[in-house]
Amino acid sequence: MNVSTEHPIASIEEVKSQRSKRIGYFFYRVRKSPLTLLGASIILFMLCVMLFAPWLATHDPNAIDLMKRLQPPSAAHWFGTDEVGRDIYSRVVFGSQQSISVGFFVVGVAGVVGTLVGCFSGSVGGRIDGLIMRLTDTILSVPSLVLTMALAAALGASLFNAMLAITLVRIPYYVRLARGQALGIREMGYVKAARTFGASRWHIVRWHIVRNALPPVVVQATLDIGGTILVAAALGFIGLGAQQPTAEWGTMVATGRNYILDHWWYSLFPGLAILITSTSFNLFGDGIRDILDPKQRGK
Amino acid sequence: MSALQLIRKRLLGLLVVVLGVSVITFTVSHLIPGDPARLIAGEKATEEIVQNIRVQLGLDQPLHIQYFSYLKNLLSGDLGTSIRTTQPVLDDLAAFFPATLELAIVALLFASVVGIPLGVLSAVYKDKPLDHFVRLISVTGISTPAFWLGLGVILVFYGKLGMLPGGGRIGEGLAPQLNATGFYLIDTLLEGNFSGFISALKHIALPAFTLGFVHLGVVARQIRSSMLEQLQEDYIRTAKASGASKWSIIFKQALPNALIPSVTVIGLALGDLLYGAVLTETVFAWPGMGAYVVNSIQALDFPAVMGFAIVVSFAYVIVNLIVDLVYMLIDPRISGVN
Amino acid sequence: MNAHLESDMRAMNKPFSTRALAGLIITASLISGQAFAATPAGTLVIGKAADPQTLDPAITIDNNDWTVTYPAYQRLIRYKVENGKGSTQVEGDLAKSWKSSADGLTWEFKLKKGNKFDDGKNVTADAVKYSFERMVKAAQGPSEAFPSDMVIEVVDPETVRFRLQKPFAPFLYTLANNGASIVNPAVVEKQGAGYLAKATAGSGPFRLSNWQKGQSLTLEPNPYYAGPKPSLKQVVVKIIADPSSRRLQLENGDLDIAEELPEDQLASLGKKPGVSVAAFPSLRVTYLYLNNRKGPMSDVNMRRAVSYATDYNGIIKGVLKGNAKQMRGAIPEGMWGFDAKAMQYNMNMNKSKQLIDSATSKGGTLNFVYSTKDPNWEPIAISTQAALGALGVKVKLENLANATMRDRVGKGDYDIAIGNWSPDFADPYMFMNYWFDSEKEGLPGNRSYYKNPAVDKLVREAASMTDQKKRTELYQKAQQMAINDAGYVFLFQKNYQVGMSNKVKGFAFNPMLESVFNVDAIKKL
């Protein structure tokens with residue numbers, strides 16, 4: 001998994017040229033893999049939707065009209081209207097802001113916190129490491145969806161609390177991943193060398209361990225974004241996500257569920273949005289993993 | 001490490017896990033605002049009545065005392081009494097657990113039966129259109145909101161086509177009298193109740209498909225990557241050189257070896273399926289633990305939520321252990337798993 | 001959704017996909033003929049959203065449990081069925097006759113002969129005393145409707161006497177509550193306290209024969225039942241959480257009755273052959289609690305402003321598809337004491353704006369707490385938010401778990417909240433005393449924390465006398481004051497609707513007993 005193992009001690013120039021080669025190779029591989037490219041383009045598209053939502057939407061996503069409830073898709077309302085007469089297309093467009101930012105927030109915070117804790121734990125070792133790992137393993141053994149649900153319920157229903165709950169439950173995964181990397185790197189020649197040259201422990205953690213633990217964490221994080229969007233949608237589905245009138249895809253599918261037999265469009269479009277977004281992040285993450293995985297690259 | 005050592009180590013670890021899980025779930029479930037006594041008493045009840053119920057349930061005690069009395073009971077195998085159903089939690093879970101396990105196993109079977117061949121094809125045709133296509137399917141599976149897919153298949157297969165039942169576990173009056181395994185598919189066959197078996201099979205088809213589809217990608221991905229490794233090995237080259245046919249090499253030699261590392265992943269998927277069933281069960285009115293725990297969370301039924309978490313973590317550790325033992329068994333090269 | 005699924009199915013059916021799936025589908029379609037087996041004649045299948053929690057009549061306050069308990073037990077009194085319709089008048093069930101003292105403090109009941117529990121034992125005055133004392137002693141939800149200091153005496157095996165310490169006008173009606181069910185003392189003593197939570201031991205027309213947790217409950221006729229023999233051979237209650245699944249099963253003939261279907265489902269269900277939607281006038285109302293005690297809503301001008309900013313018409317015509325009517329004060333139409341001339345607030349944004357401007361506390365965000373227990377609540381909340389938003393008043397919606405919402409309301413930690421209310425007995429007491437008496441503030445009834453000493457005096461006086469005409473007068477006077485104070489937003493009174501197969505005949509709905517089906521009289525063709 002670790003990218004830099006082949007050259008334990010390298011000059012700065014070597015590292016630089018290696019890195020640029022690596023980046024070049026990376027893009028070469030992405031281009032070679034149509035699915036990764038597909039994932040990346042959908043992500044790009046979704047990011048545009050998210051940024052330009054106010055211009056892409058045809059209606060005010062929160063404007064209600066109780067007399068125009070649950071209308072089928074038409075020229076005026078491309079995806080139909082919901083149970084209080086809001087335009088579903090505009091709500092799906094604005095919903096991208098919630099779902100995608102949840103994905104980035106959770107993965108970003110859990111990834112950073114988890115990596116730091118994991119690297120720290122792995123490099124100090126001893127009793128502290130044991131304690132942290134015991135705690136991590138315990139949290140990991142609680143059914144994660146149930147823990148997330150209970151935590152979100154405890155914090156109170158809001159999108160932020162849902163994000164917080166998912167983040168807290170995700171952190172231990174990164175702790176374990178980063179610690180594994182740190183343990184491996186700690187024994188590497190160049191870290192040992194740095195230590196003998198008198199580099200401080202913090203310097204080592206910061207420069208060598210964290211940096212080298214990063215690639216697998218990044219891969220895991222990319223893969224996690226899709227999963228996080230799904231979990232957030234599931235929380236929204238059981239009423240623990242964004243609050244009205246904010247448009248959020250999971251909540252929309254959940255509400256639409258009450259109307260699904262006669263008003264299929266209500267759940268269909270936000271559900272498709274979840275599916276497509278989550279798929280694109282997973283395709284991209286999958287592709288990146290294959291590219292960075294030295295086991296397969298070497299062969 | 002010998003098998004016995006492994007078992008001893010894991011069982012010791014189990015104690016720690018149960019302790020940790022109980023602390024975490026106890027804390028989190030008590031953080032949820034709301035008063036279970038009030039829920040039982042009913043909205044119109046006076047404070048006096050609510051207080052009285054609190055006393056009856058021991059909810060008036062300080063939290064740490066509540067926790068320790070819970071723990072004491074737990075050590076003697078008592079998971080407490082459900083606030084919502086007023087029945088022992090263990091009895092409730094025992095009634096629901098087999099349904100969940102049956103669903104999870106059938107879903108896993110479906111995911112493996114479809115996912116393994118897909119994974120093999122994907123590896124053999126690496127980077128060809130077929131590989132991309134298979135990967136697209138498996139990634140789509142992982143990315144599908146199960147509750148949404150469930151609604152869809154009910155709508156199509158029950159609502160529009162009328163081919164399969166839309167909910168429940170078995171047809172009216174067909175439930176097996178025998179309770180040998182708790183699995184309707186097995187119990188009906190054991191008592192020779194063939195129409196009951198067909199009915200159970202029809203009822204499990206849609207939920208198992210929904211749940212299995214989501215995990216199909218996990219299986220296919222795992223098989224693909226271990227197949228890729230195997231196909232690089234020397235013995236495959238030797239076999240090729242000796243003129244054996246391509247597919248016979250793949251299925252007779254590469255696949256069995258590729259399956260060994262996959263056992264862990266697929267086995268662990270069973271653990272995921274157990275609690276992944278939570279939302280699927282709700283959609284399909286499947287009488288399992290998932291629907292029970294969702295209702296319990298909403299009713300602030302702490303003992304039930306904790307009981308669920310403990311039982312599932314327990315099952316998870318046991319499944320892990322079994323997987324590792326199987327692993328040792330089929331791959332004697334590996335003496336220890338850690 | 002179809003398009004998406006079909007494309008998935010197509011993908012799966014490519015040649016390299018396994019035979020297993022194809023096999024599964026083929027097998028399924030071969031035997032699909034059986035998927036539509038209609039429910040057998042003589043068996044009534046009711047689909048409802050959740051398992052009962054407990055079947056103990058001394059503990060349950062949930063109508064969802066009463067579907068099973070009500071037909072399994074008898075009570076001293078029952079609601080009459082007149083011309084196939086449930087009424088708010090009562091008649092004897094176990095009781096043959098009764099008389100009360102002039103001061104309303106002593107009630108004596110003579111029991112009918114021949115009523116038997118499902119083990120063949122007689123229903124005696126001792127059993128009545130035992131059941132009431134057991135219920136009061138349990139001191140759980142059902143005991144709330146009865147004075148805790150009442151004394152029950154056995155005069156002779158067929159006569160039982162209740163002594164109250166102070167007059168309680170609705171006493172007779174409370175005896176028809178589920179909590180007043182008479183249980184078999186022998187069974188309770190023998191099986192222990194927890195037994196009645198999961199089984200029945202009564203003298204009603206049916207008894208529970210099987211309970212598959214999370215799946216179904218089966219009721220069979222009580223062989224010793226003294227009343228007319230029921231036509232049904234079996235009643236099955238199926239648990240189906242998802243409303244769309246319930247409706248599909250009803251349409252496909254797997255259910256005879258489907259409960260708790262959302263408005264829009266009912267509308268389209270009505271158009272399907274073989275099923276119909278029965279609608280009955282009910283006494284269930286939906287209303288907004290406005291926090292009279294603290295925050296911006298403690299200002300009467302703000303409360304009136306919210307009352308004027310509510311889109312009654314849009315809610316009733318749009319959200320409820322016309323199956324409701326706007327309330328006139330607290331007492332609903334159909335309950336005695338209803339005031340057809342009581343003042344109604346109507347949507348008037350100008351008036352609302354003026355009131356907001358004259359309110360003392362300005363600015364700040366109002367919170368509106370609700371849950372999704374009732375699917376109509378969220379649209380109403382969104383509509384309130386939009387209307388007040390247009391007047392410059394920000395409303396923050398908080399969708400809470402039902403338990404959490406109750407907690408917030410019980411602590412007075414909200415500005416606006418929404419709720420449904422249906423009476424447990426046929427007396428305006430259920431509305432006027434519960435909603436407005438400052439002694440009942442909080443969850444028990446006065447959820448707005450409404451306080452008006454003049455109203456307190458009037459409703460308490462009305463509760464202590466038996467003269468219905470005088471009571472009506474007092475209640476209507478109090479109601480007028482409460483409407484003027486805008487203590488609540490009186491939204492609407494809704495029809496009770498249930499999806500039913502056309503084969504089911506003889507269902508009589510009683511507004512006090514939602515979710516209870518008169519399975520002793522229902523026939524199925």
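How far apart are the end C-alpha atoms of residues 263–285 of chain A, and how much of that stretch is helix? They sit 35 Å apart, and the chain there is 96% helix with 0% strand. Keep in mind that what you're looking at is a predicted model. The predictor scores the complex with an ipTM of 0.76 and a pTM of 0.80.

Let's stay with chain A for a moment. An unreviewed UniProt entry annotates residues 263–285 of chain A as "transmembrane region", and it gives that label to residues 35–57, 100–125, 145–169 and 221–243 as well. Now try residues 145–169 of chain A. That span is 88% helix and 0% strand, yet its end C-alpha atoms lie 9 Å apart.

On to chain B, which is helices and nothing else as far as regular elements go: 13 helices and zero strands. Line its elements up along the sequence and you just read α-α-α-α-α-α-α-α-α-α-α-α-α. Along the principal axes, the C-alpha atoms of chain B take up a box of roughly 85 × 55 × 40 Å. Chain B has 338 residues, and 54% of them count as buried. If you take its contacts with a separation of 6 or more, 71% come from residues 24 or more positions apart.

Where does chain B touch chain C? On the chain B side 57 residues take part, in contact with 52 residues of chain C. The elements of chain B that put two or more residues into that side are α2 (36–41), α3 (47–57), α5 (89–124), α7 (146–160), α9 (194–231), α11 (246–284) and α12 (289–298). By class, this side of chain B splits into 32 nonpolar, 16 polar and nine charged residues.

Chain C itself averages a pLDDT of 87, with 92% of its residues scoring at least 70. Residues 1–36 of chain C are another story: pLDDT stays under 50 there, although the model has 41 contacts beyond four places in sequence for them. Where pLDDT is low, the predicted coordinates should not be read in detail.

For a closer look at chain C, pick out helix α14 (residues 429–436) and helix α15 (residues 453–463). They pack at an angle of about 145°, with their axes 10 Å apart, and α14(C) passes α15(C) in a left-handed crossing. On the α14(C) side you'll find C:Tyr429, C:Met432, C:Asn433 and C:Phe436, which meet C:Val455, C:Val459, C:Ala462 and C:Ala463 of α15(C). That makes seven nonpolar residues, one polar and no charged ones in this contact.

Technical notes. Residues numbered from 1 in each chain as written. Chains lettered and ligands numbered in written order. Predicted model: local features only at pLDDT ≥ 70, side-chain atom pairs only at ≥ 80, totals over all residues. pLDDT = per-residue confidence, 0-100. Contact = placed C-beta atoms within 7 Å. Axes fitted to C-alpha atoms, helices over the stretch in contact; angles between N-to-C directions. Helix = DSSP H or I, 4+ residues; strand = E, 2+ residues; numbered from the N terminus. Left-handed = near helix turned anticlockwise from the far one by under 90°. Nonpolar A, V, L, I, M, F, W, Y, C, P; charged D, E, K, R; others polar. UniProt positions renumbered as here; feature names shortened; annotations may be inferred. Buried ≥ 20, exposed ≤ 12 C-beta atoms within 10 Å, placed from the backbone.
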